[in-house]
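User: I am a first-year student, and I would like a close look at one part of this model, followed by a careful walk through other places that can be described in the same way.

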Amino acid sequence: MPKANPRHPKFPIPGGPELRAKGWRQEALLRLLENVLSVGEDPDNLVVYAALGKAARNWAAHKGIVKALTEMDENQTLLIQSGKPIGLIRTHDKAPLVIMANCNIVGQWAKAEVFYELQRKGLICWGGLTAGAWQYIGSQGVIQGTYEIFMRIAERRFGGDLFGRFVLTAGLGGMGGAQPLAGRMAGAAILCVDIDAERARKRQEIGYLQEIAPDLDSALAMIDAAVKEKRALSVGLVGNAAEIYPEIARRGIVPDIVTDQTSAHDLVYGYVPKGMSLSQVKDLRDDGQGQLMAASRASIVEHVKAMLDFQKKGSEVFDNGNLIRTQAKEGGVANAFDIPIFTEAYLRPLFCRAIGPFRWMALSGEESDIARIDDLLLDMFPDNKIITNWIKLAREHVPFEGLPARIAWLGHGERTALARRVNELVASGELKGPIAFSRDHLDAGAMAHPNIMTEGMKDGSDAIADWPLIDAMMLCSSMADLVVVHSGGGGYAGYMTSCGVTIVADGTAAADERLDHALTNDTALGVMRYADAGYEEALDEVAKKDVPYIRLG
Ligand code: NAD
């Protein structure tokens with residue numbers, strides 16, 4: 001039985017043993033589509049997160065997808081072009097059930113303005129990373145990534161944790177909403193600014209954010225007290241980051257860590273310029289796009305100048321993947337890229353070993369299935385500190401949203417071993433239903449994004465998009481259930497290409513074969529991508545785990 005969803009009553013959370021589709025594989029993908037809407041930011045408009053990241057092009061397309069998933073046989077494949085179903089072709093039962101291409105625009109045309117025009121004509125939609133591919137699991141999807149970034153900084157600069165440290169950030173949206181909880185888990189006193197009171201309230205309601213301060217003075221007093229007492233605390237503040245950051249700097253306060261996760265990548269549908277209300281911005285989105293873009297960019301310039309000011313005074317400042325430096329540079333801040341990107345600064349050694357944001361969803365809707373897999377993880381990887389630490393923390397702190405799910409940064413071989421064991425637990429009835437395995441697109445072999453994932457690659461291969469394309473083709477021939485190629489939309493147009501994958505553990509021998517091939521090959525490609533770029537950690541992983549990389553010369 002689906003569960004009531006108090007946040008979005010029209011979008012119940014799927015679950016239960018009854019199938020509406022002809023098999024669990026199809027039913028799983030249908031549930032994942034329902035799930036991304038149930039946890040989405042604006043499901044009435046099919047928006048899941050990141051301002052414009054949609055689950056389907058429009059409601060007619062959504063209806064067509066649901067009908068196809070419900071009626072299709074296992075020897076068919078549903079083709080989806082930018083959120084719209086276009087055909088149900090005859091394939092075979094080892095082929096993917098769904099193949100998607102979302103928002104891929106030819107190079108010279110891939111600009112935000114072209115995207116908005118194509119979107120206005122109803123010809124395209126942006127899938128975000130995991131929104132259009134029905135893999136989003138709420139804010140938990142980025143929480144471990146954000147936590148790992150904080151912990152890497154803590155290890156390097158603050159003696160291993162963030163107790164007694166002040167983190168300043170902004171953005172409490174679909175992804176940014178993970179920041180207050182990740183910060184608190186790392187021990188910090190974290191201040192999160194968002195212009196939209198509703199977003200702050202929502203994060204508080206679901207347990208990600210503890211307090212909402214009535215004004216800046218109170219917010220800073222709460223943070224100051226927590227820092228002095230070395231007490232973890234998350235505080236939200238409703239305001240514009242382009243005003244609040246410079247004001248904090250003006251007062252001579254220097255946070256220990258500064259970042260930002262507003263939707264700065266999109267100057268029209270994401271970022272809110274200072275001095276404008278949310279309703280003024282909404283009005284301008286249709287017929288004042290030029291004005292809005294200029295105003296957003298001008299605010300981002302002030303926002304980033306304050307970040308650079310903090311950096312000069314000693315704060316650890318980083319870009320958390322929202323293109324804010326790129327926008328500021330275009331607005332004239334020549335040294336915006338003095339701020340490092342989180343991937344290059346903190347996480348690349350993990351990606352070299354294809355350790356990244358792997359996740360799974362309990363299609364039964366039962367939290368006990370996730371708890372059982374948590375136990376399994378602790379049993380299987382007792383020496384993996386990242387995992388054991390994370391699972392213990394996640395169990396205590398991370399509330400479920402939508403279908404119960406878990407993210408855990410596992411690497412090559414580990415993902416396959418876990419998923420195959422889980423498939424056995426599904427087969428034996430120890431779990432109440434099948435489990436869907438997926439990952440963020442921001443994964444080792446899966447993304448080319450020269451201002452985020454692949455910035456500053458050792459061999460200069462930052463802008464080469466062959467890797468995600470190879471990944472997608474490889475995953476189709478490795479029997480994955482859903483394979484997608486996404487490119488950037490809105491402000492991300494022209495900036496990135498990524499590949500997504502989902503595989504369903506339904507307890508069958510066929511699922512075991514699919515999980516084995518698809519997960520092993522996906523992470524092997526991740527290691528090969530970094531080995532090919534000359535990273536020692538990746539070459540070490542090739543040797544240690546017998547990755548089939550062909551080394552020339
Ligand atoms: P979202 O659109 O759901 O939320 C953005 C939030 O920013 C909103 O709550 C909005 O009110 C707030 N905001 C906008 N302008 C503001 C301003 N001037 N001052 C204060 N608040 C403002 O987006 P999201 O899904 O949370 O993603 C945020 C950004 O992070 C996006 O650019 C996204 O692409 C990026 N992102 C990065 C990663 C990563 O791996 N690091 C992962 C996911 C998303």
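Where in the chain is the place of K230?

Analyst: This is a predicted model, in which local features need pLDDT of at least 70 and side-chain atom pairs count only at pLDDT 80 or more, while totals for chains, interfaces and linings use all residues. Residues are numbered from 1 along each chain as its sequence is written, and side-chain values use heavy atoms, with hydrogens and water left out.

K230 sits in the loop between helix 7 (216-228) and strand 9 (233-238); helices (H or I, at least four residues) and strands (E, at least two) are DSSP runs, numbered from the N terminus. Most residues other than glycine have a negative phi. K230 is not a glycine, and yet its phi is positive, at about 50°. With a relative accessible area of 55%, K230 is exposed, where buried means under 20%, exposed over 50% and partly exposed in between (1.4 Å probe, protein chains only).

L46 can be read beside K230, since L46 too has a positive phi without being a glycine, near 65°, and since the place of L46 is again a loop, the one between helix 1 (24-38) and strand 1 (47-49). The surroundings of L46 are described by a relative accessible area of 1%, and L46 is therefore buried.

The loop that holds L46 also takes part in a salt bridge, meaning a side-chain nitrogen of Lys or Arg within 4 Å of a carboxyl oxygen of Asp or Glu. By this rule the count comes to 46 salt bridges. In one of them the side chains of K10 and D44 meet, at 2.7 Å from N to O; K10 lies in the segment before helix 1 and D44 in the loop between helix 1 and strand 1, so this pair ties together parts that are 34 residues apart in sequence. K10 is exposed at a relative accessible area of 62%, whereas D44, at 39%, counts as partly exposed.

Another salt bridge joins D73 and K22, with 3.3 Å between the closest N and O atoms. This pair also links distant parts of the chain, 51 residues apart, with D73 in the loop between helix 2 (59-71) and strand 3 (76-81) and K22 in the segment before helix 1. D73 is partly exposed at 33% relative accessible area, and K22 is exposed at 55%.

A salt bridge can also stay inside one helix, as K545 and E541 show: their closest N and O atoms are 2.7 Å apart, and both residues lie in helix 18 (residues 536-545), four residues apart, about one turn of the helix. K545 is partly exposed, with a relative accessible area of 34%, but E541 counts as buried at 3%. Elsewhere, salt bridges link E41, D196, R199, K202 and R203 in a network.

Two further pairs can be followed by distance from C-alpha to C-alpha. R157, which is found in helix 4 (residues 140-157) and is partly exposed at 39% relative accessible area, is 9.6 Å from D256, although 99 residues separate the two in sequence. I435 belongs to strand 14 (residues 435-439) and is buried, with a relative accessibility of 0%; I435 and N423 are 7.7 Å apart in space and twelve residues apart in sequence.

The ligand brings together another set of residues. There are 31 residues around the ligand, and D194, S263, H265, N320 and Y492 come nearest, a residue being near when one of its heavy atoms lies within 4 Å. The shell divides into 13 nonpolar, 14 polar and four charged residues; here Ala, Val, Leu, Ile, Met, Phe, Trp, Tyr, Cys and Pro count as nonpolar, Asp, Glu, Lys and Arg as charged, and the others, Gly among them, as polar. An oxygen atom of the ligand is 3.0 Å from a polar backbone atom of A50, and a backbone N or O atom of G174 lies 2.9 Å from an oxygen atom of the ligand. A nitrogen atom of the ligand is 2.9 Å from a polar backbone atom of V272. Taken alone the ligand exposes 860 Å², and the protein buries 95% of that, with areas from the Shrake-Rupley method and a 1.4 Å probe.

Definitions and conventions. A polar contact is a pair of N or O atoms within 3.5 Å; within protein, one must be able to donate a hydrogen and the other to accept it, and residues adjacent in sequence count only if both atoms are side-chain atoms.
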